[in-house]
Amino acid sequence: MTTATLTLAELQALDAEHVMPTYARLPVAFVRGEGSALFDTAGRRYLDFLGGLATTSLGHAHPAVADAVADQAQTLLHVSNLYLNDLQPRLAARLDRLLGGDGRVFFTNSGAEANECAIKLARRHGQQQGGPERFHVLAAYGSFHGRTLTTLAATGQPQKHEAFQPLPPGFRHVAFGDADALAAALDERVCAVLLEPVQGEGGVQPAPPGYLEAVRTLCDEREALLMLDEVQTGLGRTGRWFGFQHAPGVRPDVVTLAKALGNGVPIGACWARGDAGTALRPSEHASTFGGQPLAARAALAVLDVMEAEDAPGRAARAGDRLAAALAALPGVAAVRGVGLLVAAELGPGLDAAAVSRACLDAGLVVNAVTPTALRFAPSLLVTDDELDEATAILRRVLEEQVGT
Ligand SMILES: Cc1ncc(COP(=O)(O)O)c(C=O)c1O
């Protein structure tokens, strides 16, 4: 099937009337995907270099994931977490092995919920270790941890807080990458430090060299948990299985995952090791859908493919090629990122939203992660030809916009 039964205009009209206006939609509706390609209502092909915001890490409609989901749908979609299912414990064991062992997992449906779990367990752990006052979480300015009230409070973007006051208390923010600022704020009331190894929504800003190592040491000295939000960076995106693996010797206490884990099937995970993994007791946390058979089966299939294809290694190689190609384009002032989470900072006079819109018109999906930077998060299985095709489209768009 290449064409939808409704036209773009019909879909736009329905959306405008019936969907809450929380998204400023671009004028395209996708109806099908295959690998790095997306197809719209008119059957037009686009090269997807955003991957559903770093989510479809194996590309669209990956056959192994599609087969697993279809088979599971005909077997057992859901059973309450009051009972075991035959997939969730296996998935937890797989993730624990990838994360180095000694940990336990709570499954969720999204990244925000994975962070909610992390924050709740940090509070319980803090109370258990240091008493009722130890409930503060330190996070970084520029971070993004989700849109629930609590993860919004953790998010270090004050302008996003304004409309929703009062937010839950207990969150403080320090400059990202500044270990001295963190040391000054890390007092005995702090139960955990929550950071992204690369700030994704904050503009694709990697932690500076040595920062996570310094934070790990501080957390050890002050008995705070080091919690890493790998919702965007996890599972191969940065060229390693996890973003923290770029910081030699750093082992976090808590890691949150989502996006790539189901390759588009909603599933998130909060992993915690040692005491932190048992801080939440029966009836203190739950989720109806978290870790249900359908989502767990999808995630197991995703991990199978990622391991078989060495997705992290492929992301590292493709990321190098993409970064080098972007750096050579007219109008690109700088390229930053790790692996296949890359931003191109545009030169003076260029507006990233206008460039990304022109790219869409030209058949390339990317987004403006800041007013001056484009973000690229393609499939980790992207081919060299697709990389070359994407940069050729962007070159044409930039040549036009630099010239105007
Ligand atoms: C680092 C990070 N944490 C949390 C989230 C929230 O995830 P979700 O939208 O699945 O709730 C995101 C989403 O972009 C993210 O990038």
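**Exercise 1.** What volume does the second largest pocket have?

*Solution.* The model is predicted. Step one: take the volume of the second largest pocket, which is about 800 Å³. Step two: go to its centre. Of the 29 lining residues, Q88, V105, F106, F107 and H285 are the closest to that point.

**Exercise 2.** Find which helices and strands build the lining of the second largest pocket, and sort its residues by class.

*Solution.* Step one: list the elements that supply at least two residues each. These are α4 (88-98), β4 (103-108), α5 and β12 (268-273). Step two: pick the top contributor. Strand β4 gives the most, with 4 residues. Step three: sort by class. The lining has 16 nonpolar, 11 polar and 2 charged residues.

**Exercise 3.** Describe the shell around the ligand.

*Solution.* Step one: count. The ligand has 13 residues around it, and G111, A112, D229, Q232 and K259 come nearest. Step two: sort by class. The shell holds 3 nonpolar, 6 polar and 4 charged residues. Step three: look for the main element. Helix α5 (residues 111-130) gives the most, with 3 residues.

**Exercise 4.** Which ligand atoms pair with the side chains of D229, Q232 and K259?

*Solution.* Use a cut-off of 3.5 Å between N or O atoms. Step one: D229. An N or O atom of its side chain is 2.7 Å from a ligand nitrogen. Step two: Q232. A polar side-chain atom here lies 2.7 Å from a ligand oxygen. Step three: K259. Its side chain places an N or O atom 3.2 Å from an oxygen of the ligand. Step four: check burial. The ligand alone exposes 390 Å², and the protein buries 82% of that.

Methods:
Residues are numbered from 1 along each chain as its sequence is written. This is a predicted model: local features need pLDDT of at least 70, side-chain atom pairs count only at pLDDT 80 or more; totals for chains, interfaces and linings use all residues. Side-chain values use heavy atoms; hydrogens and water are left out. A residue is near a molecule or strand if one of its heavy atoms lies within 4 Å of it. A polar contact is a pair of N or O atoms within 3.5 Å; within protein, one must be able to donate a hydrogen and the other to accept it, and residues adjacent in sequence count only if both atoms are side-chain atoms. Accessible areas come from the Shrake-Rupley method with a 1.4 Å probe; for residues, only the protein chains shown count as cover. Ala, Val, Leu, Ile, Met, Phe, Trp, Tyr, Cys and Pro count as nonpolar, Asp, Glu, Lys and Arg as charged, and the others, Gly among them, as polar. On a 1 Å grid over the protein atoms alone, a cavity is a set of points where a 1.4 Å probe fits but cannot get out, and a pocket is an open set with protein on both sides within 12 Å along at least five of seven lines; lining residues have an atom within 4 Å of a point. Grid points are joined across faces, edges and corners, and a volume is the space filled by probe spheres set on the points.
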